[in-house]
Structure formats: C-alpha cells, structure tokens
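Please take a moment with the sequence and the model that follow, and then read on for a guided account of how the parts are arranged.

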Amino acid sequence: MTELRIPQLASLTDNQVLTSLAAVDDIRECYRVLEKGGLNVVGEVLKGQGPFYEMDHYPKEDVYDRETASQYYYHAHRDDYAEHGHFHLFLRHAALSEGVEPVMGPAGEDRVAHLVAVSMDAWGYPTDLFAVNRWVTDESWLPAETILRVLDRFAIDHAYPSWPVNRWLTAIVRCFRPQIEALLYHRDEVIHQRQAQGLKQVLEDRSLEITGTVPIDVDSWANKLKAEQKKRNQARRIQQNRSSEYTR
C-alpha cells in the first residue's frame, strides 16, 4: 500500500504555520473553559442524549450550520481500536465547488463531502485523524483536490450542542490542515491502486473501511510549529543582517 506522507514543516507556508498556531490557541481556550466546569468535548456532545449506543449519531440529528454548510456527528463502532468514539466532519452542497459532480454517491443539491474523522479517547481528547472509503459515510465521492479547495470553509459557528465543542472542531481542522491534506491525497492513492477491480466496486468494498490514520497531539504539534517559526525568524534576521552589511 502507498505510504502516507505528512508534509514536512519546512514545506508549509508562513501563513499555514500562523494559522495552525492560532488554532492551537483556540483549542486550548476551549479546553480551559470546559475543564473549568469539569467538562470535556465528548461529554458535551453526549449530554442529554440518553444511553450511548454504537452506530447511533450524537447529537441525534447531527450538527449543521446552514450558513457554512458544515456538518458533524459523533459515534462509535470500532471495537478493534482503542477509542471511545469519533467525529465525522462534512461539507454539504452549498460549500462545495459548483459544477463538480461526484463519480458516485449523492449528487446535485444532495452532495456531501466527508473531510476527516477525529478519534477521541475516553477523557475527551483527540488521538488520531483518519480518512475513510466512500461507503462508510455514504458521501459524494470527490477528488482530494476538490475537497481541499473548500476545506477551510468548514466552521460550526453556533452554540448547539456546545459552543466550545463547535469552536474546538473548527480549530482542529485549521490546526491539522497539513495532516488532513495528506490523508485525503493518500485516500485517493489507495483507491487508485485498487481500481483494476472497478472504481465503484472499490468504493463499495466493505473490506476497505479506513484508508489512512495519522496520530495527533496538540502540544507536540504546537512545539514543532513554534520551533519552525523560530527557525524561520532567525533565518530572516541573518538574511537582513547580511543585506545591511552588503549595502553599507
């Protein structure tokens, strides 16, 4: 199977580094207000939803922001994996590029693109990001390039079921955009490698559920981003000093 390659820090633009670091601040702020009340991300989503059953969506009718056409839900079904459950994140038709129809799945105004899934532990913290085959979420199958053009449109900008959770998920997408990008490109490569059996057959192949997984840790990623930012700033100062000496 093709290797899942995470972009090197040096390949990120200055703007992406700044965006990811700003998202880290948002994530930490969400943790702060939740922990202050003895709460966590998962608990907020399940609050008032009754017993927690595998495969059911939480909240019951999903979470949807009509202005941004962003959607998510939380559920669990991976008995073979050490997680409490995971979020599935989507963009619906209004947020997707016009004129781009899927090769399979809901079309027209029913289009819906799966962006990424976020695995959570029992304490309400993220452990991994992963990408899935089409049948898993019954999504509209669109190329990675098409999804990545609109990825930054994902935002849940209201208070249901929890303002901190919605802000947290929005920040997770901003923070780990390079990892999501890698997962989506890798997803397409995995599908492409199996196309000899027919694309639609691959997209419905129940033996292929998860196409790739990337472990994540907010603090570790933040430290790497800050180190890269410091390295770039030092390089700029050296260049500026050299330029000043040259013009004297």
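**The sheet and what surrounds it**

Strand 5 and strand 6 are joined in the antiparallel sense over five bridges, and within this pairing Val 132 stands opposite Ile 210 in strand 6. The model is a predicted one, and this pair of strands is a convenient place from which to begin reading it. On the other pairing of strand 5, strand 4 (residues 112–120) and strand 5 (residues 126–132) come together in the antiparallel sense over four bridges, with Val 118 standing opposite Leu 129 in strand 5. Strand 4 and strand 5 form a hairpin with five residues between them, and in its turn Gly 124 has a positive phi of about 85 degrees.

These pairings belong to an open sheet of six strands, in which the order is 1-2-3-4-5-6 and the pairing is antiparallel. Strand 1 (58–65) and strand 6 are the edge strands, since each of them pairs on one side only. Averaged over the sheet, and with direction ignored, neighbouring strands are turned by 20 degrees against each other.

How enclosed is strand 5 by the rest of the structure? Six of its seven residues are buried, that is, under 20% relative accessible area, so strand 5 is largely enclosed by the rest of the structure. Helix 5 (residues 163–175) lies across strand 1, strand 2 (70–75), strand 3 (85–92), strand 4 and strand 5, and it runs at about 75 degrees to strand 3.

A loop residue can be followed next. Ser 140 lies in the loop between helix 3 (134–137) and helix 4 (144–150), and because its relative accessible area is 0%, Ser 140 counts as buried. When residues up to four places away in sequence are not counted, Ser 140 touches Pro 102, Met 104, Gly 105, Pro 106, Asp 110, Arg 111, Val 112 and Ala 113.

The last feature to consider is the largest pocket, which has a volume of about 220 Å³. Of the 13 residues that line this pocket, Ile 6, Gln 179, Pro 215, Trp 221 and Lys 224 are the closest to its centre. Strand 6 (210–215), already met as an edge strand, and helix 8 (218–247) each supply at least two residues of the lining, and the largest share, three residues, comes from helix 8. Sorted by class, the lining of the largest pocket has eight nonpolar, three polar and two charged residues.

Key. Residues are numbered from 1 along each chain as its sequence is written. This is a predicted model: local features need pLDDT of at least 70, side-chain atom pairs count only at pLDDT 80 or more; totals for chains, interfaces and linings use all residues. Side-chain values use heavy atoms; hydrogens and water are left out. On a 1 Å grid over the protein atoms alone, a cavity is a set of points where a 1.4 Å probe fits but cannot get out, and a pocket is an open set with protein on both sides within 12 Å along at least five of seven lines; lining residues have an atom within 4 Å of a point. Grid points are joined across faces, edges and corners, and a volume is the space filled by probe spheres set on the points. Ala, Val, Leu, Ile, Met, Phe, Trp, Tyr, Cys and Pro count as nonpolar, Asp, Glu, Lys and Arg as charged, and the others, Gly among them, as polar. Two strands pair if DSSP finds at least two bridges between them. Axes are lines fitted to C-alpha atoms, for helices over the stretch in contact, and angles run from 0 to 180 degrees between N-to-C directions. Contact means heavy atoms within 4.5 Å. Buried means under 20% relative accessible area, exposed over 50%, partly exposed in between (1.4 Å probe, protein chains only).
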